[in-house]
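These are my notebook entries on a structure that I looked through step by step. I wrote down each thing I looked up in the order in which I turned to it.

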Amino acid sequence: MSARDEILARLRTALADSPPPVQVPRGYRRVDDRPDLIAALVDRLEDYRAVVHHGIGALPRLLGEVDRLAVPTDVPADWLAGYAGQLHRDAPPLSPAALDDLDAVLTGCAVAVADTGTIILDAGPAQGRRALTLVPDRHICVVRTDQVVGLLPEAFTRLDPRAPLTWISGPSATSDIELNRVEGVHGPRRLEVVLISPPGSSGA
Amino acid sequence: MSHPVAPATGSGRIRTPLPFPTAAKPAVADTQLRANLHRATRTIRAKRARVVDEVPDWEALRDAGSAIKADVQRRLPELLEQFEASATAAGATVHWARDAAEACRIVVALTRAAGADEVVKVKSMATQEIELNEALEAAGIAAYETDLAELIVQLGEDTPSHILVPAIHYNRAQIREIFQRRMSDAPADLSDEPAALAEAARVHLRRRFLSARVAVSGANFAVADTGTLVVVESEGNGRMCLTLPETLISVVGVEKLLPTFTDLEVFLQLLPRSSTGERMNPYTSMWTGVTPGDGPQDVHVVLVDNGRSAVLADPVGRPALSCIRCSACLNVCPVYERAGGHAYGSVYPGPIGAILSPQLTGVADNASLPYASTLCGACYDVCPVKINIPEILVHLRQQAPHPPAERATMRVLSWVMRSPRRWAVALRLARAGAGPLGAYRERRTGARTLRRLPWPASAWTRSRDLPLPAPQTFREWWGKQ
């Protein structure tokens with residue numbers, strides 16, 4: 001008998017007592033009733049020592065500090081307005097060593113969760129492949145306010161499970177030494193979030 | 001299949017080489033270890049309590065998590081078949097391993113097929129359990145742990161002592177000493193500041209990440225309806241391993257299944273707050289088979305039984321399979337806090353280890369572990385999936401083999417206690433017998449207790465006094481009033 005068939009047979013035998021069907025109680029919150037989600041998101045992000053900037057106007061100043069910038073191929077042109085440094089588009093794909101040589105990466109995201117301060121990337125528009133936001137030491141991430149939801153269950157309604165998903169809550173960190181939180185281990189040591197309004201709306 | 005196949009127990013590092021009291025003795029006497037453990041568990045208890053208190057629907061989340069896991073156990077065979085079909089359709093290759101040795105053989109064969117003689121590893125309890133690093137080494141393959149704590153333990157040639165914080169038993173000075181002694185590229189003037197130590201680990205592993213061809217991981221969750229695997233971590237070492245190499249091999253216990261992708265909305269709220277006391281861990285990665293042009297293009301999943309079918313076979317002990325390895329129960333356990341993780345022998349220490357390890361190996365092989373508890377219930381209170389650990393501990397104590405003399409004594413006692421009349425007579429006899437002794441001890445020490453009983457009862461009085469019967473019962477006293 002193959003290992004597969006044997007394991008499945010063992011498990012079926014183990015369930016000889018036929019446990020009764022289970023009704024899963026879904027009484028937990030599915031929608032956030034907080035009045036100001038953006039303020040909550042900013043509070044959580046800063047608690048994780050991410051740096052938050054408001055409005056697309058913050059981008060030229062931020063990118064002014066970056067000599068060598070990685071971007072996904074479909075990054076919106078207006079995010080790069082006036083950028084004078086070396087621009088490395090991920091086409092053909094940059095090697096890990098090449099990515100390691102760059103100063104920062106600029107991407108968008110799919111969803112941001114206010115309750116936990118989590119930014120979710122799904123390889124969708126302006127996000128590129130996973131290695132792009134992993135190897136460079138600084139990640140500048142543009143979050144549109146219409147991408148912000150309150151709670152995790154709200155985020156799940158917007159996600160495609162078949163896409164590779166990366167959830168980011170603050171910069172890379174460890175708590176392995178006497179449970180002290182230290183920011184910056186293997187992932188980007190700096191996470192900068194730029195909150196912008198959706199296209200067509202006014203203000204930021 | 002006309003004949004049912006009996007569930008089988010597991011192998012690997014889940015057995016206590018020594019009985020718990022023997023193994024705990026040196027740990028309890030090690031004041032440095034106790035100080036390290038006390039500081040660490042107290043810190044994390046406080047953090048957990050703070051972030052759990054801010055969630056208004058915490059109990060509803062626990063109820064949902066507990067029920068989802070009970071449902072998984074009930075439907076495990078069909079969910080595994082569904083997972084296999086979904087993951088295969090998405091481009092992954094699914095393997096099945098009856099026990100630790102078979103799982104190791106599969107990983108070794110896949111690594112060789114990829115033409116690699118080294119692998120980078122994401123921290124994983126399943127690979128610790130099957131002793132994969134030892135098997136890889138025996139096959140001439142170097143395994144590099146990339147989680148900071150696992151790296152500390154690996155460099156120190158030690159074993160992990162905590163599910164979540166494997167190096168919890170070391171303080172910063174001890175970690176610095178290990179790095180200086182064993183990490184070839186550690187700076188000569190390395191300080192014991194956590195930031196400096198983390199930086200040394202970053203530099204040490206960077207080149208390895210960028211050049212690794214094969215990575216080995218576990219998974220926190222495996223989703224049946226989509227074939228998705230999930231790894232929860234903090235440092236980015238997990239993302240490095242899951243993203244950069246060409247080949248990814250994930251070793252997953254069969255109990256890690258969740259029915260649907262949406263069920264993650266419950267567990268990704270319960271897990272980080274219960275484990276590290278954070279609202280969310282810094283990084284969570286989810287992948288479903290192969291994504292062309294993004295991440296590993298050769299993706300394998302090894303589904304491991306290794307005793308889980310035996311746990312499933314016990315209706316009382318079965319909920320131990322609900323464990324999501326958050327380690328909240330370790331951090332609140334008065335026994336763990338004093339004895340540390342190594343005393344439990346298994347890779348699963350603490351209260352959850354005391355119920356999981358004996359069930360994985362068969363109770364007779366780990367008979368001391370169900371006694372490594374005060375039954376205070378703190379573990380049950382913090383468990384995010386509501387595993388009634390004390391109930392299962394008591395259940396397993398009954399399963400464990402007992403010496404014939406103890407069994408005979410208990411049979412007699414049970415006969416006496418079953419009848420109020422026999423019980424009253426027995427008490428009267430005990431009072432009569434112990435009366436002079438009690439009076440003597442009271443004169444000498446002011447208390448009606450015995451310090452020491454003769455062997456074998458001396459084992460019981462080693463850590464407590466035996467109270468002698470009172471001169472009169474409550475009923476007698478009441479009768480006189």
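Before the first entry I noted one cut-off: a residue counts as buried when its relative accessible area is under 20%, as exposed when it is over 50%, and as partly exposed in between. I also reminded myself that I am reading a predicted model.

**Entry 1: a tilted ring pair in chain B**

I started with B:F221, whose relative accessibility is 0%, so by that cut-off B:F221 is buried. I then looked up B:F267, which also counts as buried because its relative accessible area is 0%, under the 20% limit. The ring centres of B:F221 and B:F267 lie 5.6 Å apart with 45° between the planes, and because that angle is neither under 30 nor over 60 degrees, I recorded the pair as tilted. B:F221 belongs to strand β5 (residues 221-223) of chain B and B:F267 to helix α12 of chain B, so I noted that the pair links distant parts of the chain, 46 residues apart. I found one more neighbour here, as B:K69 lies over the face of B:F267, at 5.8 Å from the ring centre.

**Entry 2: a pair between two chains**

How many aromatic pairs are there over all chains? I wrote down eight. One of them is formed by A:F156 and B:F261, which I noted as edge-to-face, with 5.3 Å from centre to centre and 65° between the planes. A:F156 is in helix α5 (residues 152-156) of chain A, whereas B:F261 is in the loop between β8 (257-258) and α12 (264-275) of chain B, so this pair joins two chains. Buried or exposed, I asked of A:F156? A:F156 has 6% relative accessibility and therefore counts as buried, and B:F261, with a relative accessible area of 5%, is buried as well. I added that A:F156, A:W167 and B:F261 form one aromatic cluster.

**Entry 3: what the UniProt record marks**

I turned to the UniProt record, where an unreviewed entry places the feature "domain: LUD" at residues 80-304 of chain B. Over residues 80-304, I noted that chain B is 41% helix and 21% strand, with the end C-alpha atoms 11 Å apart. The unreviewed UniProt entry also places the feature "domain: Lactate utilization protein B C-terminal" at residues 398-480 of chain B. For residues 398-480 of chain B I wrote down 64% helix and 5% strand, with the end C-alpha atoms 41 Å apart.

**Entry 4: a nonpolar patch and a charge over a ring**

Which residues form the nonpolar patch on the surface? I listed B:M410, B:L413, B:M417, B:W423 and B:L427, which together have about 450 Å² of accessible area. Helices α19 (404-417) and α20 (420-445) of chain B each supply at least two residues of the patch, and the largest share, three residues, comes from α19 of chain B. I looked more carefully at B:L413, which lies in helix α19 and is partly exposed because its relative accessible area is 36%. I also noted B:R464, whose charged end sits over the ring of B:W460, 4.7 Å from its centre.

**Entry 5: a long span**

Lastly I looked up B:E54, which is found in the loop between α2 (31-53) and α3 (58-74) of chain B. At 35% relative accessible area, B:E54 is partly exposed. I wrote down that B:E54 and B:A434 are 380 residues apart in sequence and 55 Å apart in space, taken from C-alpha to C-alpha.

Methods
Residues are numbered from 1 along each chain as its sequence is written. Chains are lettered from A and ligands numbered from 1 in the order in which they are written. This is a predicted model: local features need pLDDT of at least 70, side-chain atom pairs count only at pLDDT 80 or more; totals for chains, interfaces and linings use all residues. Side-chain values use heavy atoms; hydrogens and water are left out. UniProt positions are given in the numbering used here, feature names are shortened, and annotations may be inferred rather than shown by experiment. Helices (H or I, at least four residues) and strands (E, at least two) are DSSP runs, numbered from the N terminus. Rings of Phe, Tyr and Trp (its six-membered ring) pair if their centres lie within 6.5 Å; planes under 30 degrees apart count as stacked, over 60 as edge-to-face and the rest as tilted. Buried means under 20% relative accessible area, exposed over 50%, partly exposed in between (1.4 Å probe, protein chains only). A charge sits over a ring if NZ of Lys or CZ of Arg is within 6 Å of the ring centre and within 35 degrees of the ring normal. Patches are made of residues with over 30% relative accessible area and no salt bridge: like charges are joined within 9 Å, nonpolar side chains (Val, Leu, Ile, Met, Phe, Trp, Tyr) within 5 Å. Accessible areas come from the Shrake-Rupley method with a 1.4 Å probe; for residues, only the protein chains shown count as cover. A salt bridge is a side-chain nitrogen of Lys or Arg within 4 Å of a carboxyl oxygen of Asp or Glu.
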